[in-house]
Amino acid sequence: MSCFFLFNNVYFTYYYLGKTEYFSTVYPALNSDSDGIVVVHIEADFISQILGTDTVAVQTAVIEIGNKSMTMVQRVINTKTNEVKCYCKSIMVAFSLETHD
């Protein structure tokens with residue numbers, strides 16, 4: 001049986017999908033036509049490889065909310081073993097796409 005691993009850039013795709021799901025769940029009124037949220041800082045720790053045979057999930061939480069920014073933490077885990085594969089911390093800024101404020 002051959003096994004392949006995922007390259008580090010794939011982890012950021014998992015984080016993006018986790019953010020999208022998080023916002024659609026906790027803030028369904030978010031209007032993507034007028035509300036913008038952009039990542040201004042991101043850091044990641046790669047703890048363990050994700051293998052092609054792994055089943056993973058992204059856990060996401062906002063840990064700090066400022067006036068126009070928020071800090072989000074995420075981790076990708078193996079759903080069978082709960083092993084943390086990677087950890088990410090992002091700072092995001094919200095702004096109006098109409099007024100750019």
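F46 lies in strand β1. I start there, and I should say at once that this is a predicted model. Strand β1 covers residues 35-46, and F46 is partly exposed, because its relative accessibility is 37%.

What does F46 belong to at the surface? Together with F12, V39 and I42, F46 makes a nonpolar surface patch of about 300 Å². Strand β1 supplies the largest share of that patch, namely three residues. A general remark while the strand is on the screen: side chains in a regular strand alternate between the two faces of the sheet.

Next, the strand pairing. Which strand pairs with β2, and in which sense? Strand β2, residues 56-65, pairs with strand β3, residues 69-78, and the sense is antiparallel. Nine bridges hold the count for this pair. To pick out one position, A57 has I77 in β3 as its bridge partner. The connection from β2 to β3 is a hairpin, and three residues make the link.

Now to strand β4, residues 84-96, where I want to look at S96. Is S96 buried or exposed? S96 counts as buried because its relative accessible area is 18%, and the cut-off for buried is under 20%. The side chain of S96 has two backbone nitrogens to discuss. One belongs to E98: that nitrogen is 3.1 Å from a polar atom of the S96 side chain. The other belongs to T99, and the S96 side chain reaches that nitrogen at 3.1 Å as well.

Last, the cysteines. How many disulfides are there? The count is zero. Why is C86 without a bond? The closest cysteine sulfur to that of C86 is in C88, and the separation is 7.8 Å, which is too far for a bond. For the reasoning, the cut-off is that the two sulfur atoms must be within 2.5 Å. Taken from the other side, C88 is in no disulfide either, with the sulfur of C86 as its nearest cysteine sulfur at 7.8 Å. As for burial, C86 counts as buried because its relative accessibility is 0%. C88 is also buried, because its relative accessibility is 0%.

To recap: F46 is part of a nonpolar patch with F12, V39 and I42, β2 and β3 pair in the antiparallel sense, the S96 side chain reaches the backbone nitrogen of T99, and the disulfide count is zero.

Terms used
Residues numbered from 1 in each chain as written. Predicted model: local features only at pLDDT ≥ 70, side-chain atom pairs only at ≥ 80, totals over all residues. Heavy atoms only, no water. Buried < 20%, exposed > 50% of the residue type's maximum accessible area, 1.4 Å probe, protein only. Pairing = 2+ DSSP bridges. Helix = DSSP H or I, 4+ residues; strand = E, 2+ residues; numbered from the N terminus. Patch = residues over 30% accessible without salt bridge, like charges linked within 9 Å, V, L, I, M, F, W, Y side chains within 5 Å. Areas by Shrake-Rupley, 256 points an atom, 1.4 Å probe, with all protein chains shown as cover. Salt bridge = Lys/Arg side-chain N within 4 Å of Asp/Glu carboxyl O. Polar contact = N/O pair within 3.5 Å; in protein donor to acceptor, adjacent residues only side chain to side chain.
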